[in-house]
Each structure stands twice: as structure tokens, then as C-alpha cells.
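Colleague: Hi! Could you walk me through this one?
Modeller: Happy to, here it comes.

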Amino acid sequence: MPARHVPKGHPVHDAEARGIQALVRALPDNYWVFSNIELPSDRRGQTFEHDAIVLAPHAVFTVELKSWGGRIVGNRDRWTLADGTVVPSPIPLVLAKARVLKGRLQTRRRELGSVWVQGVVFLSAADAAPQITRDYEDFVVNHDGLRKALTDPAWLGHPTPITAT
């Protein structure tokens with residue numbers, strides 16, 4: 001059975017909708033996926049649009065969906081797509097979203113300070129083949145690595161399970 005899905009807004013295009021569906025199907029039923037949710041950023045009056053926020057038993061993930069396919073080569077700052085187009089890397093943005101989300105959780109409830117919050121870029125095209133430099137490759141997953149990245153606590157260095165208080 002797939003994860004529980006709570007759409008908060010609408011996908012901006014069909015590829016994003018398919019990526020969200022793939023994310024939901026990849027995760028077990030004790031996971032929650034909130035999609036297309038806008039939350040305040042760290043700048044007054046501005047928001048971050050999170051493609052998906054995943055609540056897992058061991059962590060919270062903010063997931064940036066990209067429907068780019070083929071070979072994608074890059075680093076923290078810049079990626080070259082399969083067609084040769086050079087684009088800014090989504091890694092800094094998703095990491096900033098994770099930092100702000102972590103801060104908001106801590107502000108709401110101090111005990112949430114121990115919750116691990118991680119940013120991940122999900123390349124949702126079936127043929128996506130990321131080749132990201134070693135220092136940032138763990139922040140980028142395709143279909144093959146998605147489930148492991150979001151369900152295996154060892155992928156994050158064994159964070160403590162989240163418990164209700």
C-alpha cells in the first residue's frame with residue numbers, strides 16, 4: 001500500500017503530478033506525503049513552494065521534483081542536462097528549504113529540534129541518470145534510489161526515530 005498523500009495545492013504541470021504519484025507509490029503506508037505546499041521562507045513576506053514534504057518515521061524530507069531525463073552532470077551549483085542546457089543546480093534551494101523547515105519546526109515546538117530534516121532532489125524521469133560530484137551526489141536521487149533514500153535511516157547516518165510526545 002502506498003504512502004498517505006495530502007495534496008495542499010496543485011502541481012504546476014503533468015510531469016510534476018507524475019513525479020508526486022511516483023513518490024507516493026514508492027513509499028510505505030506509514031509515510032505521509034504533503035504535496036505542493038507553500039510555507040514561509042526565512043525572508044519576511046516570502047514563501048517557499050515545497051513540491052513535497054515527506055513525513056517518515058525517522059526524518060522529515062523536503063523533496064524538489066525535477067522531470068529532467070537522461071544523463072545529468074553537475075555539482076552543487078550548476079548542472080548540464082542531457083540536451084546540453086546548463087541550469088542552476090536545485091541542490092542549494094532544497095537545502096535552504098530544509099534548513100528553514102527545520103527552524104520552523106523548532107520554533108513551533110522545541111522538542112522537534114531533534115527531528116532530522118533533509119532536502120532531496122528527485123529526478124522523476126524514468127531515464128534520469130544523475131552524475132553529480134561525490135560531495136553532493138547523496139542529495140540527488142532517481143527512481144532507482146528514491147525508496148532507499150527516504151526509508152533507510154542508514155542513508156542519513158541513523159537519525160533517531162520520531163516519537164509522539
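**Helix α1 and its surroundings**

Modeller: In helix α1, the buried residues (under 20% relative accessible area, 1.4 Å probe, protein chains only) are Ala15, Glu16, Gly19, Ile20, Ala22, Leu23, Val24 and Ala26. This is a predicted model, where local features need pLDDT of at least 70, side-chain atom pairs count only at pLDDT 80 or more, and totals for chains, interfaces and linings use all residues. Residues are numbered from 1 along each chain as its sequence is written, and side-chain values use heavy atoms, with hydrogens and water left out.

Colleague: What do the buried residues of α1 pack against?
Modeller: They are in contact (heavy atoms within 4.5 Å) with strands β1 (4–7), β2 (32–40), β3 (47–55), β4 (60–66) and β8 (117–123), and with helix α3. Helices (H or I, at least four residues) and strands (E, at least two) are DSSP runs, numbered from the N terminus.

Colleague: At what angle do α1 and α3 cross?
Modeller: Roughly 50 degrees, with the axes of α1 (residues 14–26) and α3 (residues 143–151) coming within 10 Å. That makes the pair oblique; the axes are lines fitted to C-alpha atoms over the stretch in contact, with angles from 0 to 180 degrees between N-to-C directions, and oblique is what remains outside under 35 (roughly parallel), over 145 (roughly antiparallel) and 65 to 115 (roughly perpendicular).

Colleague: And which residues meet there?
Modeller: Ala22, Leu23 and Ala26 from α1 meet His143, Leu146, Arg147 and Leu150 from α3.

Colleague: New topic: is Thr107 buried or exposed?
Modeller: Thr107, in helix α2 (residues 91–108), counts as exposed (over 50%) because its relative accessibility is 70%.
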